[in-house]
Structures are given as C-alpha cells and as structure tokens.
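Student: I am new to this structure and would like a close look at one part of it. Please choose a part, say what holds it to the rest, and go through it in order.

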Amino acid sequence: DYAGVKVPQEMDSRSLRPLLEGKTRTHRDYQRTGLNKWRTVFDGRWKLVEGYGENGPRLYDLAADPTEDNNLAARETAVLERLRHLAE
C-alpha cells in the first residue's frame, strides 16, 4: 500500500496501513496459513492445525493453553467445524 503496488486478484491480502497509522486496532478476524499438507486457522483464541500426519486435527484454546498442550478437537466439535469452514 505504501509503495503503491496493487495486490494481485488471486491473493487474499489486506493493507497494514490502517493498523500502522492507528486508524484501526484490528487487522483480520482470523488468520489462515498453509504449507504443503499443513493448514492452520487462528481466530485470536482458538487455533486449528490440520495435515499433521496420522494424528488428526489439533485444536487448541490459546487463552487457556498458550503452550498448546491439550488437543480439544474431540471435545470442542462446534469450534472445530467453524474453524474448518474458515480454512476453505
């Protein structure tokens, strides 16, 4: 944005300019990342990681478990499905 370069249509990008200039306190409602088979979605509290070998999905409540010790995927199925939808 500062350089005046247009974002390619195929990219899901947003300028950081409003955040850096103090015009907003948030940038996105959630973050998505991926590498090879790995996919991660983070909404500020919950983090979903998929593509982790044979171990199935991993879901962490980072507010209560910042070191990601407790996989809550089997217990928090509604959160799991919500984040899976965001990963699409």
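Tutor: A salt bridge here means that a side-chain nitrogen of Lys or Arg lies within 4 Å of a carboxyl oxygen of Asp or Glu. The model is predicted. The part to look at is helix α2, residues 77-87.

Start with a charged residue of the helix. R84 forms a salt bridge with E50, and their closest N and O atoms are 2.8 Å apart. This pair links distant parts of the chain, since R84 is in helix α2 and E50 in strand β3, 34 residues away. R84 also has a salt bridge with E81, where the closest N and O atoms are 3.2 Å apart. Here both partners lie in helix α2, 3 residues apart, or about one turn of the helix. An α-helix has 3.6 residues a turn, so residues three or four places apart point the same way. Neither end of this pair is classed as buried: R84 is partly exposed at 27% relative accessible area, and E81 is partly exposed at 44%.

Now turn to the other residues of the helix. V79, L80, L83 and L86 are buried in α2. Viewed down the helix axis, the buried residues of α2 fall within an arc of 125°, so they line one face. The face turned away from that buried side carries A78 and H85, which are exposed.

What does the buried face meet? Its residues pack against the strands β1 (31-35), β2 (38-42), β3 and β4. In soluble globular proteins, nonpolar side chains tend to be buried together. The largest nonpolar core of the model has 10 residues: V41, W46, L48, L59, L72, A73, V79, L80, L83 and L86. Both β3 (46-50) and α2 supply at least two residues of this core. The largest share, 4 residues, comes from α2.

One core residue shows how the packing looks from the strand side. V41 touches L83, L86 and A87, and its contacts also include W46, K47 and L48. Y30, Q31 and R32 are touched by V41 as well. Residues up to four places away in sequence are not counted in this list.

Strand β4, one of those that the buried face packs against, takes part in a further salt bridge. The side chains of R45 and D61 meet at 2.7 Å, N to O. R45 is in the loop between β2 and β3, while D61 is in strand β4, so the pair ties together parts 16 residues apart in sequence. The two partners are covered to unlike degrees: R45 is partly exposed at 40% relative accessible area, whereas D61, at 8%, counts as buried. Buried here means under 20% relative accessible area.

The loop that leads from β4 (58-61) to α2 contains A64. This residue is exposed, with a relative accessible area of 63%. A64 and A74 are 10 residues apart in sequence, and their C-alpha atoms are 17 Å apart in space.

To sum up, α2 has one face of buried residues, which pack against β1, β2, β3 and β4. The salt bridge between R84 and E50 links the helix with strand β3.

Conventions:
Residues numbered from 1 in each chain as written. Predicted model: local features only at pLDDT ≥ 70, side-chain atom pairs only at ≥ 80, totals over all residues. Heavy atoms only, no water. Core = buried A, V, L, I, M, F, W, Y, C linked by side-chain atoms within 4.5 Å. Buried < 20%, exposed > 50% of the residue type's maximum accessible area, 1.4 Å probe, protein only. Contact = heavy atoms within 4.5 Å. Arc of directions from axis to C-beta.
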